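Okay, thanks everyone for coming. I'd like to walk you through one structure today, so have a look at the screen while I talk.

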Amino acid sequence: GKWKNKERVLIFSSRGINFRTRHLMQDLRTLMPHSKADTKMDRKDKLFVINEVCEMKNCNKCIFFEAKKKQDLYMWLSNTPQGPSAKFLVQNIHTLAELKMTGNCLRGSRPLLSFDPAFDKEPHYALLKELFIQIFSTPQYHPKSQPFVDHVFTFTITDKRIWFRNYQIIEEDASLVEIGPRFVLNLIKIFQGSFGGPTLYENPYYQSPNMHRRLIRLSMAAKFREKHQVKEVQKIKKQESKMLIEEDPTEVVFETPAEEKPVEIQHVKPESKAIVKDKRKPRKIQRKKQKKLFRTEA
């Protein structure tokens, strides 16, 4: 066969990505034989420069990973240089080495693309479906690809997000075993041009990571304030004077006062008691002396 559909995808990232993003990028390159790599782009450069990089690398599609604050990861999918392009927030990343799944597939084999039926219901999802098909599907008769179909890329819409999974097709009973990697794409915006231009769609359910972290901090601060207020209320209750209950007159009915003895004052000194000497003591002393004498004589 002749290689007619000459789609080439440039996969690279900006500086500041962590190890997990680097491994995910490498996994996508191994799964997509029609992809190309490039050096990391400087943060100071604007995103329009990527169109020139794609032109130099002879690529008409691009997957660009943009890292911010060393913890937030954004993914750009673009059809260069005309557009459209979509920006996603990448969440729940798990790479091939991290998952250790039992599934396996041939390197360079062509995948099947499976889409959720919800992709055909709304126009922005239909646009994303076409973009995914053009980027992730391996062109037929590509020089680096193998003429086999042994794994499936699934794109599922759940909780207003797109879930990506990679499964192996087992020949015996056509069951699926997950290979990896896996990640979740939270759509932010769809632009008419490549890496910019008029906004075609903006996700109303999207919440930025900064806002999410701020809400978590506010909730923790609210819990702390609530605990502090409870402690203050308890202190105030302790400090409040207790209400005095009126005396009940019936309580003293059965109480009988003790007899008071008259106080006697002694004007004369009491007579001292006679000391009685023990008469046995001198006899004991005599006996001890006699015993000593007998001992000395013996």
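I'll go through the annotated domain, the salt bridges, the backbone oddities and then two surface patches.

Before anything else, please keep in mind that this is a predicted model. Everything I say about it is computed from those coordinates, apart from one annotation that comes from a record.

So, that annotation. UniProt, in an unreviewed entry, lists residues 7–196 as "domain: Brix". If you look at that span in the model, 21% of it is helix and 42% is strand. Its end C-alpha atoms sit 22 Å apart.

Okay, salt bridges. How many does the structure hold? The count is eight, and I'll pick out a few of them.

Let's begin with Lys61 and Glu7. Their side chains meet in a salt bridge, at 3.1 Å from N to O. This pair links distant parts of the chain, 54 residues apart: Glu7 is in the segment before β1 (9–13), while Lys61 is in strand β3, residues 61–68. And are these two buried or exposed? Both Lys61 and Glu7 are buried. Glu7 is also where the UniProt domain range begins, if you go by the listed residues 7–196.

Next up, Lys57 and Asp38. Here the salt bridge comes in at 3.9 Å, again N to O. The two residues are 19 apart in the chain, with Asp38 in the loop between β2 (35–37) and α2, and Lys57 in the loop between α2 (49–56) and β3. This one is not a buried pair: Lys57 is partly exposed at 31% relative accessible area, and Asp38 is partly exposed as well, at 24%.

Then there's Glu178 with Arg165, where the closest N and O atoms are 3.9 Å apart. Glu178 belongs to strand β9 (residues 176–178) and Arg165 to strand β8 (residues 161–169), so this salt bridge ties together parts that are 13 residues apart in sequence. Why do we call these two buried? Glu178 has a relative accessible area of 12% and Arg165 is at 14%, and buried means under 20%, so both make the cut. There's a bit more to it, too: salt bridges with shared partners join Arg165, Glu178 and Arg182 into one network.

While we're talking about buried residues, take a look at Ala86. It lies in strand β5, residues 85–94, and counts as buried with just 1% relative accessibility. If you'd like a distance to get your bearings, the C-alpha atoms of Ala86 and Phe136 are separated by 15 Å, and those residues are 50 apart along the chain.

Now for the backbone. As a reminder, most residues other than glycine have a negative phi, and most peptide bonds are trans. So which peptide bonds are cis here? One joins Gly83 and Pro84, with omega at about 5°. Pro84 is in the loop between β4 (72–79) and β5. Another runs from Gly180 to Pro181, with omega near -5°. Pro181 is in the loop between β9 and β10 (182–193).

As for positive phi, I have two non-glycine residues to show you. Tyr141 has phi near 60°. You'll find Tyr141 in the loop between α4 (123–136) and β7 (146–158), partly exposed at 46% relative accessibility. Lys160 also has a phi near 60°. That residue lies in the loop between β7 and β8, and at 45% it counts as partly exposed too.

Last stop, the surface. There's a nonpolar patch of about 250 Å², made by Met211, Leu215 and Leu218. Leu215 is in helix α5, and with 40% relative accessibility it is partly exposed.

The other patch carries negative charge: Glu247, Asp248, Glu251 and Glu255 gather there on the surface. Where does Glu247 sit? It's in the loop between α5 (209–239) and α6 (280–297). Glu247 counts as exposed, with a relative accessible area of 77%.

That's the tour, and I'm happy to go back to any part of it.

Terms used
Residues are numbered from 1 along each chain as its sequence is written. This is a predicted model: local features need pLDDT of at least 70, side-chain atom pairs count only at pLDDT 80 or more; totals for chains, interfaces and linings use all residues. Side-chain values use heavy atoms; hydrogens and water are left out. Patches are made of residues with over 30% relative accessible area and no salt bridge: like charges are joined within 9 Å, nonpolar side chains (Val, Leu, Ile, Met, Phe, Trp, Tyr) within 5 Å. Accessible areas come from the Shrake-Rupley method with a 1.4 Å probe; for residues, only the protein chains shown count as cover. A salt bridge is a side-chain nitrogen of Lys or Arg within 4 Å of a carboxyl oxygen of Asp or Glu. Lys and Arg count as positive and Asp and Glu as negative; His and the chain ends are not counted. The place of a charge is taken as NZ of Lys, CZ of Arg, CG of Asp or CD of Glu. Helices (H or I, at least four residues) and strands (E, at least two) are DSSP runs, numbered from the N terminus. Buried means under 20% relative accessible area, exposed over 50%, partly exposed in between (1.4 Å probe, protein chains only). UniProt positions are given in the numbering used here, feature names are shortened, and annotations may be inferred rather than shown by experiment.
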